[in-house]
Number of protein chains: 2
Amino acid sequence: MPHKTNDPSRTSWLNVPKDSDFPIQNIPFGVFLTRDDIITIGTRIGDHAIDLGALHQLGYFEGIPLTDDIFLQDSLNDFISDGKKTWRLVRNRISELFESSNPALRDHEEHRKIVLFTLDEIEMQLPVQIGDYTDFYSSKEHATNVGKMFRDPENALLPNWLHIPVGYHGRSSTIIPSGTPIRRPKGQTLPKGASEPVFGPSKIVDFELEMAFITTDANVLGDPISVEEAEDYIFGLVLFNDWSARDIQKWEYVPLGPFLAKNFASSISAWIVTMDALEPFRTASPAQDPAPLPYLRQNGDKSFDIHLEVAITPENGEPTTVSRSNFKYMYWTMAQQLAHHTVNGCKINSGDMMGSGTISGPTPDSYGSMLELAWQGTKPVALSNGETRTSIADNDTVTLKGYCEKNGVRIGFGEVSTRLLPAIQ
Amino acid sequence: MPHKTNDPSRTSWLNVPKDSDFPIQNIPFGVFLTRDDIITIGTRIGDHAIDLGALHQLGYFEGIPLTDDIFLQDSLNDFISDGKKTWRLVRNRISELFESSNPALRDHEEHRKIVLFTLDEIEMQLPVQIGDYTDFYSSKEHATNVGKMFRDPENALLPNWLHIPVGYHGRSSTIIPSGTPIRRPKGQTLPKGASEPVFGPSKIVDFELEMAFITTDANVLGDPISVEEAEDYIFGLVLFNDWSARDIQKWEYVPLGPFLAKNFASSISAWIVTMDALEPFRTASPAQDPAPLPYLRQNGDKSFDIHLEVAITPENGEPTTVSRSNFKYMYWTMAQQLAHHTVNGCKINSGDMMGSGTISGPTPDSYGSMLELAWQGTKPVALSNGETRTSIADNDTVTLKGYCEKNGVRIGFGEVSTRLLPAIQ
């Protein structure tokens with residue numbers, strides 16, 4: 001266990017602003033373009049990005065079994081393939097190196113100039129090449145809300161929901177990092193009362209407040225991963241906005257599930273926060289009744305206390321926080337999701353991404369989508385500029401943030417912020 | 001147009017057995033391991049595999065804009081990225097080189113020894129690294145059969161089916177080449193009359209007779225591909241067996257679609273047959289009524305006359321052909337599928353794969369799955385050894401074959417053949 005690395009009293013010789021998501025206890029991993037247009041793998045402390053490719057070339061990872069070019073890549077996939085022991089050795093070494101009392105890099109101005117960047121000198125990239133992306137549907141509150149609106153308020157949950165971490169496959173080619181604007185999608189919809197569909201820009205674009213975890217190579221085709229082992233194959237988590245076009249979804253999704261309503265864009269935060277960094281924030285997940293089948297039974301705290309929030313910023317306006325939720329509301333844990341996903345022998349690769357599904361809490365101000373917050377358009381959500389929203393308007397920016405806090409340490413995910421541009425002509 | 005390459009009178013100095021799927025008019029592309037354990041991109045004429053990496057090094061592609069290592073790769077993705085003009089130049093050059101009267105390679109024994117392999121000297125690999133895989137549901141007969149069995153026989157087609165080439169995302173990590181055995185998957189099912197699910201090996205494993213097309217980089221995020229342009233971005237086709245566990249599917253698929261019922265394995269044939277090779281076999285697709293929305297309207301023959309068949313071979317038994325169908329039965333064409341897939345701006349990459357959906361014909365002996373052939377278990381299918389099947393039994397091998405035939409030329413896909421092993425203990 002990385003006790004020292006997570007020690008709340010540890011400080012860095014790099015300045016960490018108050019309320020930063022990135023104290024020395026975090027040490028997330030990401031990919032960025034440097035001022036010299038070189039792509040590298042890096043980490044972040046405070047408002048400094050750190051070039052791990054350069055650190056490795058300068059010998060600071062000596063003794064850790066790493067190939068020479070492991071950080072000089074445009075994705076974390078190969079590093080993630082190296083496995084949990086290696087991730088931990090690297091994270092712990094970075095923590096030691098930047099710890100206040102360690103002079104090795106602190107007092108080596110020449111090396112500092114090579115490895116440190118300010119945030120305005122870099123451009124964050126997608127951190128992994130995502131082979132396959134799966135999205136779960138694991139918040140009971142969200143599934144219940146959707147069931148109440150679209151099916152039977154008295155029997156909102158479908159019969160399988162309490163037995164299966166329901167999930168489906170998504171499209172990885174349109175997963176983009178925070179900051180990349182998207183277009184309002186066009187598609188087929190069936191207007192209310194009409195018998196023939198029409199084509200045009202979606203009229204109901206929505207966000208979905210989610211988190212997603214990134215896996216390492218976990219098994220060979222045919223072999224399951226047990227619920228006990230599952231967490232060992234999770235590298236870390238990101239914030240995830242699963243953009244959705246509700247009117248396209250409604251017309252297309254029976255019987256094979258959402259397709260074009262989702263695959264126009266999905267946005268993630270750029271820094272992957274490791275499972276080791278989240279360790280101090282473990283918490284129980286909701287009690288499960290009925291008890292799941294044996295292959296899904298787990299012991300101990302398998303969830304994490306991660307505060308989540310969503311803000312909408314209209315063009316030339318200020319942000320309004322429209323939802324406050326928490327990762328711990330998830331009924332099914334990541335370990336259960338991964339065990340279920342592989343119980344049929346499905347192969348999991350390094351860089352695969354698995355979304356939580358919309359994370360809605362128990363109260364109306366904690367719902368994770370405009371569909372629920374504005375309850376199908378019946379309860380418009382007020383913005384600070386006096387406008388209201390029942391869905392996302394052209395040129396709105398949607399920003400998801402997330403952080404854990406305990407014993408004076410805040411471990412955050414930064415943000416995933418995405419602007420919705422008008423549909424193309 | 002590649003007239004000479006497709007000329008029925010063209011013959012090769014390589015022997016092509018009667019009824020071979022691979023005359024000189026085919027020239028498919030694939031990836032194989034050679035006798036020296038080197039991976040290379042190749043083609044096939046008759047029962048010879050041809051090492052394109054070696055041919056290129058020997059200078060036989062001079063004048064065609066190709067990087068030096070374009071064929072010395074473990075997937076066709078980069079070559080497919082080079083685009084249609086380049087694919088055509090390479091295919092035409094191969095055709096010239098192996099044409100009977102061309103002495104360049106025919107009479108160069110040393111070079112022949114380097115580039116030619118017999119089939120038992122090579123091991124076929126997955127031809128592409130599949131980033132994203134989408135499966136459509138485009139056979140009206142299949143959708144109607146499923147609707148009759150599971151929904152309302154009087155209203156078998158769902159309201160959206162005649163307006164949308166319905167599709168959904170699949171999992172690419174478990175797509176395997178012909179010859180790779182698979183395991184009967186385990187999972188949750190709800191026994192008839194039960195209120196609680198049980199866990200165990202699927203009792204109803206099925207094949208689905210499909211074809212799939214492979215795309216090149218087609219657009220940037222946000223931009224659609226028109227139905228007129230769509231075929232230019234299709235590299236070629238393979239046979240595709242979309243393995244399905246019907247009992248798992250039934251319990252899990254509402255509301256987000258099939259998941260573990262499908263992602264345990266999907267098998268493809270190893271040689272990709274190009275659109276240029278299929279050109280002489282164009283045919284009309286079924287008339288569409290109602291007319292689709294303008295973005296899906298197409299002109300000309302956009303389908304292909306490809307005979308398809310499925311055989312089941314029990315352990316130590318002989319194959320029994322259980323279905324004969326045809327690609328031309330597809331209601332929605334590949335061009336319509338690709339135009340629909342991108343109408344919301346979804347990005348398509350090189351090596352993406354799109355399945356047709358089960359291709360059932362109009363008669364009961366042309367249905368593309370055991371679900372339909374045995375009509376939900378009520379009409380067992382007889383095998384030549386006296387056994388019957390309503391689904392696939394342990395140690396059965398399922399083989400899909402496909403070919404076009406016209407003017408004495410047969411262009412085939414070889415086969416995709418997969419053995420179902422028992423569930424793991």
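Across the interface of chain B and chain A, 25 residue pairs are in polar contact, with both partners at pLDDT 80 or more. Please keep in mind that this is a predicted model.

**The side of chain B that touches chain A**

Several elements of chain B give two or more residues to the side that touches chain A: strand 6 (133-136), strand 7 (167-170), strand 10 (186-189), strand 11 (198-201), helix 8 (246-252) and helix 10 (334-342). Strand 7 of chain B supplies the largest share, four residues. Sorted by class, this side of chain B holds 30 nonpolar, 19 polar and nine charged residues.

In terms of contacts, 58 residues of chain B meet 58 residues of chain A. Together the two chains bury about 5300 Å², and 64% of that area is on carbon and sulfur atoms. There are also four salt bridges between chain B and chain A. One of them pairs B:Arg171 with A:Asp352, whose closest N and O atoms are 2.6 Å apart.

**How the two copies are related**

A turn of 180 degrees, with a shift of 0.0 Å along the axis, lays chain B on chain A with an RMSD of 0.0 Å. This is the relation of a two-fold axis. Within chain B, B:Gly257 has the C-alpha nearest the axis, at 2.3 Å from it. Both copies use the same surface, as 100% of the contact residues of chain B recur in chain A.

**Backbone details to look at**

Most residues other than glycine have a negative phi, and most peptide bonds are trans. Here are some places in the model that depart from that pattern.

| Site | Feature | Value |
|---|---|---|
| A:Asp289 to A:Pro290 | cis peptide bond | omega near 10 degrees |
| B:Val254 to B:Pro255 | cis peptide bond | omega about 5 degrees |
| B:Asn316 | positive phi, not a glycine | phi about 55 degrees |
| B:Gln376 | positive phi, not a glycine | phi about 60 degrees |

Where do these sites sit? A:Pro290 is in the loop between strand 18 (282-283) and strand 19 (303-304) of chain A. B:Pro255 belongs to the loop between helix 8 and strand 16 (266-268) of chain B. Helix 8 is also one of the elements that give two or more residues to the side of chain B that touches chain A.

For the positive-phi residues, B:Asn316 is in the loop between strand 20 (307-313) and strand 21 (320-326) of chain B. B:Asn316 has a relative accessibility of 82%, so it counts as exposed. B:Gln376 lies in the loop between helix 11 and strand 23 (381-382) of chain B, and with a relative accessible area of 40% B:Gln376 is partly exposed.

**Two buried spots**

Helix 7 (residues 140-150) of chain B has several buried residues: B:His142, B:Ala143, B:Asn145, B:Val146, B:Gly147 and B:Met149. Helix 11 (370-373) of chain B is included in what covers them.

In chain A, the residue to visit is A:Gly357, in the loop between strand 22 (353-355) and helix 11 (370-373). Is A:Gly357 buried or exposed? With a relative accessible area of 1%, A:Gly357 is buried, because buried means under 20%. Leaving aside residues up to four places away in sequence, A:Gly357 touches A:Asp135, A:Phe136, A:Tyr137, A:Leu209 and A:Glu210. As for A:Trp87, 270 residues from A:Gly357 along the chain, the C-alpha atoms of the two are separated by 27 Å.

Methods
Residues are numbered from 1 along each chain as its sequence is written. Chains are lettered from A and ligands numbered from 1 in the order in which they are written. This is a predicted model: local features need pLDDT of at least 70, side-chain atom pairs count only at pLDDT 80 or more; totals for chains, interfaces and linings use all residues. Side-chain values use heavy atoms; hydrogens and water are left out. Copies are superposed by least squares on the C-alpha atoms of residues with pLDDT of at least 70 in both. Contact means heavy atoms within 4.5 Å. Buried means under 20% relative accessible area, exposed over 50%, partly exposed in between (1.4 Å probe, protein chains only). Buried area is the accessible area (1.4 Å probe) that two parts lose on being put together, summed over both. A salt bridge is a side-chain nitrogen of Lys or Arg within 4 Å of a carboxyl oxygen of Asp or Glu. A polar contact is a pair of N or O atoms within 3.5 Å; within protein, one must be able to donate a hydrogen and the other to accept it, and residues adjacent in sequence count only if both atoms are side-chain atoms. Ala, Val, Leu, Ile, Met, Phe, Trp, Tyr, Cys and Pro count as nonpolar, Asp, Glu, Lys and Arg as charged, and the others, Gly among them, as polar.
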